[in-house]
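Colleague: Let's go through this model together. Short answers, please, with the reasoning shown.

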Amino acid sequence: MKLSLPKGTKDILPNQIHLWQKAERVFAEVCAQYGFSEIRIPTFEHTDIFERGVGNATDVVRKEMYTFEDKGGRSITLRPEGTAGVVRSFIENGMGSMPSPVKLFYNITAFRYEKMQKGRYREFHQFGVEAFGSSGPEIDAEIISLLCTFFERVGIAQTRLCINSIGCPSCRPIYHQALVEYFSDKVAAMCDDCKARYEINPQRMIDCKEQRCKPFVTEAPRQIEYLCQDCRTHFSGLQASLSSLDITYEVDPSIVRGLDYYSRTVFEFVSDHVGTQGTICGGGRYDRLVETMGGPSVPGIGFAMGVERFLMEAESQGVVLSEREPVKLCLVHMSDASYQKVFQLAHRLRRAGISCEVDLMGRSFRAQMKYANKLGIPYMIVIGDDEVASGKAKIKRMKDGFEMDIEISDLPEQAALFMNESKKEI
Ligand SMILES: [Zn+2]
Ligand SMILES: [Zn+2]
């Protein structure tokens, strides 16, 4: 037996989980404030959902999917991203007949067989939203503003919003042709991926990161110079909406997004923070995806954010997402008889919503005190035979020994009162 994690996976341990929980909570709160409802989709889907929904030409589908045959002989794939599954669900559940726009958010794990590098995992987490049914630039601005609010609420600064328009089916073929011509005498000198992209979709050569391709790519024509009138109007509408919300942005013609189904608006939030430069989150409009996957002709837009990448960014910017909350109260017993009492009291306290710890290791009185100290539990009640007999005990604040008498019969109420009051004093 190999007692180690598979490459590209990780444990999220108890000493890190509060960061995840805080990020998840804030993301869900912000999404709700913008009128988005959560959707939960399955971890795996039929493989063709991703082949059609993500695109056969993408690296994700060509090289990175975890695909296997199940015992019934079906080709199954662990989701490499969230959008395709959400679109499948949107179509299958007839959400097109719901009041528009249909605004959904998700918090998922996803799976890609990728090269290992810092902050990259083969099982990773994504926050995302998808909105269906609205084609105007206002919803693009709303989704971008949702992200701004999220970053602001968790305390992430130093992000730059970059936007671009990658055109529509009527203006893209003209651009496509321009690229074919431009790359025709250069493709031989470019990487193997670009050679393949040249045949399938030369637009995807634009975001090649290979050193040998870069000089050709930087000089290539840009979609933004080939936009049709409708696309230009849409793009200037987005810029006007962002400006009216006081959201700073820059137009970056080099953003193309790796997935085939995007059209018009694409955007990225990029970190300028030293040591963690790069894209934190990206998204865009996919007006033809729902139809491509067999649904009605419904426009859509969404984004996805890698949670690991986001947490790395938060850490490097010194954001304190939240402190781990230790258990509030420790009940310490002094004898076998009082142990029974303490055990019952802990149950009562917890039912009343007060977190507490009680000895489960047969520790001596001194060892219980040491344990409570080690865990940083801020309040303590010691109960011995005298306390059981008199029905009275003392609750103590550990940092300065400040204490108060309480009636054991009234314990949950009196303990809660003491802890609340003494917090205010601090
Ligand atoms: Zn167009
Ligand atoms: Zn290349």
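Colleague: In which helix is T47 found?

Modeller: A reminder that this is a predicted model. T47 touches T67, S75, I76 and T77, leaving aside residues up to four places away in sequence. The helix in which T47 is found spans residues 47-53 and is α2.

Colleague: Is T47 buried, exposed or partly exposed?

Modeller: Buried needs 20 or more other C-beta atoms within 10 Å, and exposed needs 12 or fewer. T47 has 17 within 10 Å, so T47 is partly exposed.

Colleague: How far apart in space are T47 and A189, C-alpha to C-alpha?

Modeller: In sequence, 142 residues separate T47 and A189. In space, C-alpha to C-alpha, the distance between T47 and A189 is 34 Å.

Colleague: Turn to the sheet. Which strands stand at its edges?

Modeller: Eight strands make an open sheet with mixed pairing, in the order β1-β5-β6-β11-β10-β9-β7-β8. An edge strand has a single partner, so one side is left without a neighbour in the sheet; that holds for β1 (37-38) and β8.

Colleague: At the β1 edge, which residue in β5 is the bridge partner of E38?

Modeller: β1 pairs with β5 (residues 102-111) in the parallel sense, over two bridges. In β5, E38 has as its bridge partner F105.

Colleague: At the other edge, which residue in β8 does C162 stand opposite?

Modeller: β7 and β8 (residues 250-251) are parallel and share two bridges. In β8, C162 stands opposite E250.

Colleague: How many bridges join β7 to β9?

Modeller: β7 covers residues 159-165 and β9 covers residues 263-271. The two run antiparallel. One of their pairs is R160 with V270. The number of bridges joining β7 to β9 is seven.

Colleague: Now the helices. At about what angle does α1 run to β5?

Modeller: α1 (residues 17-33) lies across β1, β5 and β6 (123-132). Its angle to β5 is about 160 degrees.

Colleague: And which helix lies across β6, β9, β10 and β11?

Modeller: The helix in question spans residues 307-316 and runs at about 55 degrees to β11. That helix is α11.

Colleague: How does α1 pack on α5: roughly parallel, roughly antiparallel, roughly perpendicular or oblique?

Modeller: α1 and α5 (residues 137-154) pack at about 140 degrees, with axes 10 Å apart. Roughly antiparallel would need an angle over 145. That makes α1, relative to α5, oblique.

Colleague: How many nonpolar residues are in the contact of α1 with α5?

Modeller: From α1 come A23, V26, F27, V30 and C31; from α5 come L146, T149, F150, R153 and V154. By class, one residue is polar and one is charged, and the nonpolar count is eight.

Colleague: On to the backbone. Which two residues does a cis peptide bond join?

Modeller: Look in the loop between α4 (83-92) and β5, where P101 lies. Omega is about -5 degrees for the cis bond, which joins S100 and P101.

Colleague: Is Q158 buried, exposed or partly exposed?

Modeller: Q158 sits in the loop between α5 and β7. Its phi is positive, near 55 degrees, in a residue other than glycine. With 15 other C-beta atoms within 10 Å, Q158 is partly exposed.

Colleague: And D246: buried, exposed or partly exposed?

Modeller: D246 also has a positive phi, near 60 degrees. D246 is in the loop between α9 (229-244) and β8. With 8 other C-beta atoms within 10 Å, D246 is exposed.

Key:
Residues are numbered from 1 along each chain as its sequence is written. Chains are lettered from A and ligands numbered from 1 in the order in which they are written. This is a predicted model: local features need pLDDT of at least 70, side-chain atom pairs count only at pLDDT 80 or more; totals for chains, interfaces and linings use all residues. Two strands pair if DSSP finds at least two bridges between them. Helices (H or I, at least four residues) and strands (E, at least two) are DSSP runs, numbered from the N terminus. Two residues are in contact if their C-beta atoms, placed from the backbone, lie within 7 Å. Axes are lines fitted to C-alpha atoms, for helices over the stretch in contact, and angles run from 0 to 180 degrees between N-to-C directions. Angles under 35 degrees count as roughly parallel, over 145 as roughly antiparallel, 65 to 115 as roughly perpendicular and the rest as oblique. Ala, Val, Leu, Ile, Met, Phe, Trp, Tyr, Cys and Pro count as nonpolar, Asp, Glu, Lys and Arg as charged, and the others, Gly among them, as polar.
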